[in-house]
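Take the sequence and the coordinates together, and follow the chain from its overall form to its interior and then to a few backbone details. The text below is meant to be read with the model open.

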Amino acid sequence: MIAFLDYGAGNVRSVINGIESLGEKVKVVETAEDILSAERLVFPGVGAFGSMMQILNEKKYVEPLQSYLQSGRPFLGICLGLQALFEGSEEAPGVKGLGFIPGMVRRFDINLSVPHIGWNGLNFKQPSRIFTGVRGDEKFYFVHSYHVVPTDDGAVLTTTNYEREFVSSIQIGNIIATQFHPEKSGSAGLQILKNFLDTSDEQARPVRGSKSTRLAKRIIACLDVRATDQGDLVVTKGDQYDVREKGAVRNLGKPVELARRYYQEGADEITFLNITGFRDFPLEDMPMLEVLRQTSENVFVPLTIGGGIRDYIDKKGREYRALEVASEYFRSGADKVSIGSDAVLIVEEYLKTGRKTGRSSIEEISRVYGNQAVVISIDPKRVYVQSADAVRHQVIETAIPGPNGEQYCWYQCTIKGGREGRDLDAVTLAQVCEQLGAGEILLNCIDRDGTKLGFDLELVNAVSDGVSIPVIASSGAGNAEHFYQVFTGTEAESALAAGIFHRREVSIGDVKNYLKDKVEVRL
Ligand code: 1PR
């Protein structure tokens, strides 16, 4: 039996699913006594350092945790569960951590995108029982803006490179904690979980470690989900957002089955977009929650869900906050939520008033669950203009002239699944969303969507040059070379495709095989 510390913030479902998939039973900690009497304790931290410590203090778990750690019984901390072991964090100045390991948690001070999101490797500094069966060249999933800095190196188990070398896991006797997420790191991550659960003391040192690690470019499979006219929930795919063919919604498969297939084929992440979320209310649309629950049972890579994340008043007049909708998704197995239409409306309001309200969906969700949990999905359309100053939007010079020979364009934001164009450009939207707390941009492109002409590199460059958070390039992938173009011609950290994967025209394996030796990928 594994005691499992869930303090109620974020997706811990996947860790439980991971442990249960290995045949172990989980008992969720409900009282301080459960911590004190635990034989093995898993503590997956999610969210922000300050709110985590506040909850641990409110629940009176701090002293029991300290005494459990002192006892030397097996402990596995994940992500914030690692950071909690330190004295404090720059994320929440003045808030005390558990203080088990001398040192602090610091924000990345680097030129690369922060958060550090994606699959990166490990440099092994000590042998450990959690490395049994680990080759050493595997990649593991990270998502964090802060990293631990121990006062001395004695406890360092692994490091990872992201511009600088940082500590990616620690070990003191039976106390092990990782910055990466084993439960989101496919089979390599499950192996580490399994080793923790096994009682063997055998210490292994992986043989294929390298001197320095590299973050992989991510390949993401996207499932646009909606109900058919008969009411079946299906994966669909449009051409420039039109998902109907001969009047009927295109049906390309079942969401849970397709997600499993993509996991097995090596997808680095899976995104579900409830494309009618702008008119349906997700909490009435329970099938999406069920899709997440079922998918997270055996898909151990990050899951993002979008569609309908906004405040809502139901038929009875009850008001729901976007945060509640997001929380329900996180509880059901999502790691990130993606906000589309609501982000446009929030930014329009912000530009009008020049004030942050603190109550927008972006601010509220990122405050509680961390910036990395908030993705902004942008649905832009190209608008050609005659000159760089023809409009007050951020205009780019384009190598693809318009119908009247125009050499300039801007990218107009749309809402409601591309149905309504707004007076706002995609670059400004991304920049303001970053300021409000978004952690990543999912950059679609209505002009390219479903065309298989390749990603709109000009759009990707315009947005990624404007922000410091990671950008996912989306729309237009037609072959493996298009991924190479977007990864070498832009700063995109990841690339997403739908149609070519659903129709089995190109597989995720084909894309990665083409990229290997040219671009860092997870194989
Ligand atoms: O506005 O917060 O409710 O979110 C709705 C979400 O649904 C948004 O993220 C929006 O992008 C998405 N959406 C709405 N309508 C459609 C549609 O297609 N009619 N799908 C839609 C957007 C874009 C990508 C697509 C790529 C890759 N789909 O996800 O998968 O373009 O396609 P390709 O590789 O086949 O070219 P809200």
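How many positive and how many negative side chains does the chain have, and how far apart do the centres of the two sets lie? In this predicted model, the chain has 59 positive and 70 negative side chains, and the centres of these two sets lie 2 Å apart.

The secondary structure consists of 16 helices and 30 strands. The radius of gyration of the chain is 23 Å, which agrees with the value near 24 Å that a compact globule of 523 residues would have. Along the principal axes, the C-alpha atoms fill a box of roughly 75 × 55 × 45 Å. Of the 523 residues, 61% are buried, and among the contacts with a separation of 6 or more, 71% are between residues 24 or more positions apart. The accessible surface comes to about 20600 Å², with carbon and sulfur atoms contributing 46% of that area.

The interior comes next. In soluble globular proteins, nonpolar side chains tend to be buried together. Here the largest nonpolar core has 164 residues, and those with the most contacts inside it are Ile270, Ile376 and Phe483. Helix H12 (residues 426–436) provides the largest share of this core, 7 residues. A second, separate core has 8 residues, including Ile220, Leu273, Ile472 and Leu496. Returning to isoleucine 376, and leaving aside its neighbours within four places in sequence, one finds this residue in contact with Ile339, Ala343, Ile362, Leu429, Cys433, Ala438, Glu440, Ile441 and Leu442.

Which residues of helix H9 are buried, and what covers them? In H9, which spans residues 322–331, the buried residues are Ala322, Val325, Ala326, Ser327, Tyr329 and Phe330. Their cover includes strand E18 (269–274), helix H8 (286–298), strand E19 (303–306), strand E21 (319–320), strand E22 (336–339) and helix H11 (361–369). Just after H9, glycine 333 adopts a positive phi of about 125°.

Towards the start of the sequence, phenylalanine 4 belongs to strand E1 (residues 2–4). Is phenylalanine 4 buried or exposed? Phenylalanine 4 counts as buried because its relative accessibility is 0%, and the cut-off for that class is under 20%. If residues up to four places away in sequence are not counted, phenylalanine 4 touches Val12, Val15, Ile16, Ile19, Val26, Lys27, Val28, Val29, Leu41, Val42 and Pro44. Leucine 496, a member of the second core, is 492 residues from phenylalanine 4 in sequence, and the C-alpha atoms of these two residues are 34 Å apart in space.

Some backbone details remain, each of them in a loop. Valine 114 and proline 115 are joined by a cis peptide bond with omega about 5°, and proline 115 lies in the loop between strand E6 (103–107) and strand E7 (116–120). Glutamine 240, in the loop between strand E15 (233–236) and strand E16 (244–245), has a phi near 45°, a positive value in a residue other than glycine. Because its relative accessibility is 44%, glutamine 240 counts as partly exposed. Lysine 452, which is likewise not a glycine, has a positive phi of about 60° and is found in the loop between strand E28 (440–443) and helix H13 (457–466). With 39% relative accessibility, lysine 452 counts as partly exposed.

Technical notes: Residues numbered from 1 in each chain as written. Predicted model: local features only at pLDDT ≥ 70, side-chain atom pairs only at ≥ 80, totals over all residues. Heavy atoms only, no water. Helix = DSSP H or I, 4+ residues; strand = E, 2+ residues; numbered from the N terminus. Rg over C-alpha atoms; globule rule 2.2 N^0.38 Å. Buried < 20%, exposed > 50% of the residue type's maximum accessible area, 1.4 Å probe, protein only. Contact = heavy atoms within 4.5 Å. Areas by Shrake-Rupley, 256 points an atom, 1.4 Å probe, with all protein chains shown as cover. Lys, Arg positive; Asp, Glu negative; His and termini not counted. Charge placed at Lys NZ, Arg CZ, Asp CG, Glu CD. Core = buried A, V, L, I, M, F, W, Y, C linked by side-chain atoms within 4.5 Å.
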